[in-house]
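Colleague: Hi, I'm new to this one. Could you walk me through a few of its features?

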Amino acid sequence: MTGGMAPDALGAAREALRWVADAAVPADGGVTWPRTRAPGAPCSDDLYEGTAGVLAGLAEARLTGITDFDDLARAAAGRLRHLVATGPAWTGGARPGRINVPGLYDGLAGYAAALSMWASVSGDTGAAQAAKHAVSALAGMASGERPVSAFRDVISGEAGILLAVLAIGDGGAAPAAGAVAGRLAAAAIWADGEPDWYATDDIHYFLPNFSHGAAGIGYALARASAELGRPDLLAIAAQAGHRLVRLGTRPDGTIAVPHSIPQLEMALPVSYGWCHGPTGTLRLFQVLDQLRPEHGWGGKAEACRQAVRASGLPARLFPGFWDNLGQCCGSAGVGEMALDRYQETGDPQWLAWAGTLAADILARSVGDDAGTRWSHTEHRADPPQLEPSVGWMQGAAGIAGFLLRLTRVRADGARAARLSWPDRPDLPRTPE
């Protein structure tokens, strides 16, 4: 940490959210946020780096018993409610400024997810109603024959939209979910007899892990199979799982699927985070294990976890290896995986490792009178330290969210409360 002793997890999370709070900008309906606090940084309202993601972080604070940010959270929810109620037609085309699009991490589905999270911890009925309204709008768009998004993936595309409809919608959303799932199934590219997906028709390479390819889209299809009573969707998801196992199994038995096929220039062959690594990919194996427990998928999920443990992170083993601390590509997302495993099994080694990750995050923090934040590193840039981000997936709100959840788990054990995300398995937790 820059300046003074390293803070505890709870104290750092509070100070990070104070730094985030001070960046809020008045906007129609409430407040919005810039992507960074650099002068002239554009504002965003999405779950990835804007208002919805900040609201998720503030929901984590409320779930931890912190009420200091409630007024700000209500203003953030007000902004999202305004966008849900008054936004122009939602389209799946070009994404100027990432507005007016339906995706989970960059649009309307993410607004619904964040509003639902906030409503679940605060009792805000207006937020809950707006979340349902947003999903109803998504379902209305998705029920036709044409895709609601030009993308297919979890981040921006129909897989993420499908997950939001399944998680937040009611029984009336089933026809729309079925339509989206059918389109995703039909869009599969059967490489070597197993399914994968291009993120869009314009991308002719595979990003097979969770954020943009087979793992995330297979996960959405598996979830839909259970909700819709569609074994055909589960069969495709399982075939996608077999592809990932084949691509990622290493001599030591761990599983880490390549970042890209063919390998993209400037990308490491294997990544380990939520987006392009085993941390996210294991979610497909988890849901397959739920639905086909006799088929050994739980062992595949564990092989992913062990790949992450064996990687050497959070140490920076070489330039570019582990330069990110966020939820998407870095230590906070890996820490969430460790907490998930602890809450599923009660195995103390996973709680201890989450603490190790948190200690490294705290040691890399920047703290001063303005609050606490984090800079990622881009070793090819000069200077290599990037501007600190505000939002959930790359910024202080998401890192604070992990630290707050760790605080709850340390206090309450394996049955500590956790927020529900559309793309996170809600698995049974071990009794104390």
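Modeller: Sure, one definition to begin with: a patch is made of residues with over 30% relative accessible area and no salt bridge, where like charges are joined within 9 Å and nonpolar side chains (Val, Leu, Ile, Met, Phe, Trp, Tyr) within 5 Å. A salt bridge here is a side-chain nitrogen of Lys or Arg within 4 Å of a carboxyl oxygen of Asp or Glu. Also, this is a predicted model, where local features need pLDDT of at least 70 and side-chain atom pairs count only at pLDDT 80 or more, while totals for chains, interfaces and linings use all residues. Residues are numbered from 1 along each chain as its sequence is written, and side-chain values use heavy atoms, with hydrogens and water left out.

Colleague: OK, which residues form a nonpolar patch on the surface?

Modeller: Leu 268, Leu 317 and Phe 318, with about 260 Å² of accessible area together. Such areas come from the Shrake-Rupley method with a 1.4 Å probe, and for residues only the protein chains shown count as cover.

Colleague: Where is Leu 317 found?

Modeller: In the loop between helix H11 (297-310) and helix H12 (331-345). Helices (H or I, at least four residues) and strands (E, at least two) are DSSP runs, numbered from the N terminus. Pro 314 lies in the loop between H11 and H12 too, and the peptide bond that leads to Pro 314 from Leu 313 is cis, with omega near 15°.

Colleague: What kind of peptide bond joins Ile 261 and Pro 262?

Modeller: A cis one, with omega about -5°. Pro 262 sits in the loop between helix H9 (231-248) and helix H10 (278-291). Met 266 is in the loop between H9 and H10 as well, and has a positive phi of about 80° although it is not a glycine.

Colleague: Is Met 266 buried or exposed?

Modeller: Exposed, at 53% relative accessibility. Buried means under 20% relative accessible area, exposed over 50%, and partly exposed in between (1.4 Å probe, protein chains only). Asp 192, also not a glycine, has a positive phi of about 55° and is exposed at 67%. Asp 192 is in the loop between strand S4 (189-191) and strand S5 (194-196).

Colleague: Switching topic, how many disulfides are in the whole structure?

Modeller: Zero; a disulfide would be a pair of cysteine sulfur atoms within 2.5 Å.

Colleague: Why is Cys 275 not bonded to Cys 329?

Modeller: Because the closest cysteine sulfur to that of Cys 275, in Cys 329, is 3.7 Å away, too far for a bond. Cys 328 is in no disulfide either, as the nearest cysteine sulfur, that of Cys 329, is 3.6 Å away. Cys 275 is buried at 5% relative accessibility, and Cys 328 is buried at 4%.
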